[in-house]
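Biologist: Could you take me through one helix of this model up close, and then show me how its surroundings are put together? I'd be glad of a connected account rather than a list.

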Amino acid sequence: MDHNLLETRVYSILGEDGFARLVAAFYRRVETDDILGPMYRDSTERAGETLADAERRLLDFLIYRFGGPARYIERRGHPRLRARHAPFVIDRAAADRWVALMDDAMAETQVPADAAAAMRPFFAHAAELMINRR
């Protein structure tokens, strides 16, 4: 099946609860990660937020991106991923770690193979686009 077509169906496969479990599993890993943990803590502290706030944004974004309700757009407007991540030093190691932690979270939460196959290319591409330091 075409990945783009499947991407729009991922929400119907995982549902709200599946995405919530995925994002929670990802953020449990971020909290203790030596590369991403400090980056996420610094960014949320500077914004007067918590990791739970960042977790909610990622949840809303992924739900929107993969065919669910557009809460992210309603709350934050256009994703502008590169612009929103520009203040952070994101190198190859950080991008690769983000993808690895998301992959581990998908395995932990047993994301069905067809949904994971649609999400993995997007995650890899998005992480690549966030790299701003070589």
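Modeller: Happily! Let's start with the buried residues of α8: Ala115, Ala116, Ala118, Met119, Phe122, Phe123, Ala126, Ala127 and Met130. Keep in mind as we go that this is a predicted model. The helix itself covers residues 113–130, and its length can be checked with simple reasoning. With 18 residues at 1.5 Å a residue, and the span taken as 1.5 Å times one less than the number of residues, α8 should span 26 Å; the C-alpha atoms at its ends are 26 Å apart, so expectation and model agree.

One of those buried residues deserves a second glance. Alanine 126 sits in helix α8, and its relative accessible area is 12%, which is why it counts as buried, the cut-off being under 20%. In sequence, alanine 126 is 31 residues away from alanine 95, yet C-alpha to C-alpha the two are 8.8 Å apart in space.

Just before α8 comes a loop, and it holds a contrast. Glutamine 110 is located in the loop between α7 and α8. With 65% relative accessibility, glutamine 110 counts as exposed, because that value is over 50%. Its backbone is worth a look too: phi of glutamine 110 is near 55°, a positive value in a residue other than glycine.

Stepping back along the chain takes us to α7, residues 92–108, where confidence is highest, at a mean pLDDT of 98. How do α7 and α3 cross? Their axes come within 10 Å and cross at roughly 95°. An angle from 65 to 115 degrees counts as roughly perpendicular, and therefore α3 and α7 are roughly perpendicular to each other. On the α3 side the contact is made by Leu36, Met39 and Tyr40, and on the α7 side by Ala94, Arg97, Trp98 and Leu101. By type, the residues of this contact divide into six nonpolar, no polar and one charged.

Helix α3 (residues 36–46) has another partner in α2 (residues 10–32): these two pack at an angle of about 95°, with their axes 6 Å apart. That angle makes α2 roughly perpendicular to α3. From α2, the contact draws on Phe26, Tyr27, Val30 and Glu31, while α3 brings Leu36, Gly37, Tyr40 and Arg41. Here the residues divide into five nonpolar, one polar and two charged. Leu36 and Tyr40 of α3 thus appear in the contact with α2 as well as in the contact with α7.

While we are in α2, consider alanine 24, which is placed in that helix. Alanine 24 counts as partly exposed because its relative accessibility is 22%. Its C-alpha atom is separated by 8.8 Å from that of leucine 59, although the two are 35 residues apart along the chain.

Next along from leucine 59 is aspartate 60, in helix α4 (residues 51–65). Is this aspartate buried or exposed? Aspartate 60 is buried, with a relative accessible area of 3%. Leaving out residues up to four places away in sequence, aspartate 60 touches Arg71, Tyr72 and Arg75. Alanine 70 belongs to the loop between α4 and α5, and its C-alpha atom is separated by 7.6 Å from that of aspartate 60, ten residues away along the chain. Alanine 70 counts as partly exposed, because its relative accessibility is 27%.

Tyr72 turns up once more on the far side of α5. Glycine 77 lies in the loop between α5 (71–76) and α6 (81–85). Setting aside neighbours within four places in sequence, glycine 77 is in contact with Tyr72 and Arg84. Glycine 77 is partly exposed, with a relative accessible area of 23%.

Finally, a word on confidence. Across the protein chain the pLDDT averages 89, and 91% of the residues score at least 70. Confidence is lowest in helix α1 (residues 3–7), where the mean is 58.

Terms used:
Residues numbered from 1 in each chain as written. Predicted model: local features only at pLDDT ≥ 70, side-chain atom pairs only at ≥ 80, totals over all residues. Heavy atoms only, no water. Helix = DSSP H or I, 4+ residues; strand = E, 2+ residues; numbered from the N terminus. Buried < 20%, exposed > 50% of the residue type's maximum accessible area, 1.4 Å probe, protein only. Axes fitted to C-alpha atoms, helices over the stretch in contact; angles between N-to-C directions. Parallel < 35°, antiparallel > 145°, perpendicular 65-115°, else oblique. Contact = heavy atoms within 4.5 Å. Nonpolar A, V, L, I, M, F, W, Y, C, P; charged D, E, K, R; others polar. pLDDT = per-residue confidence, 0-100.
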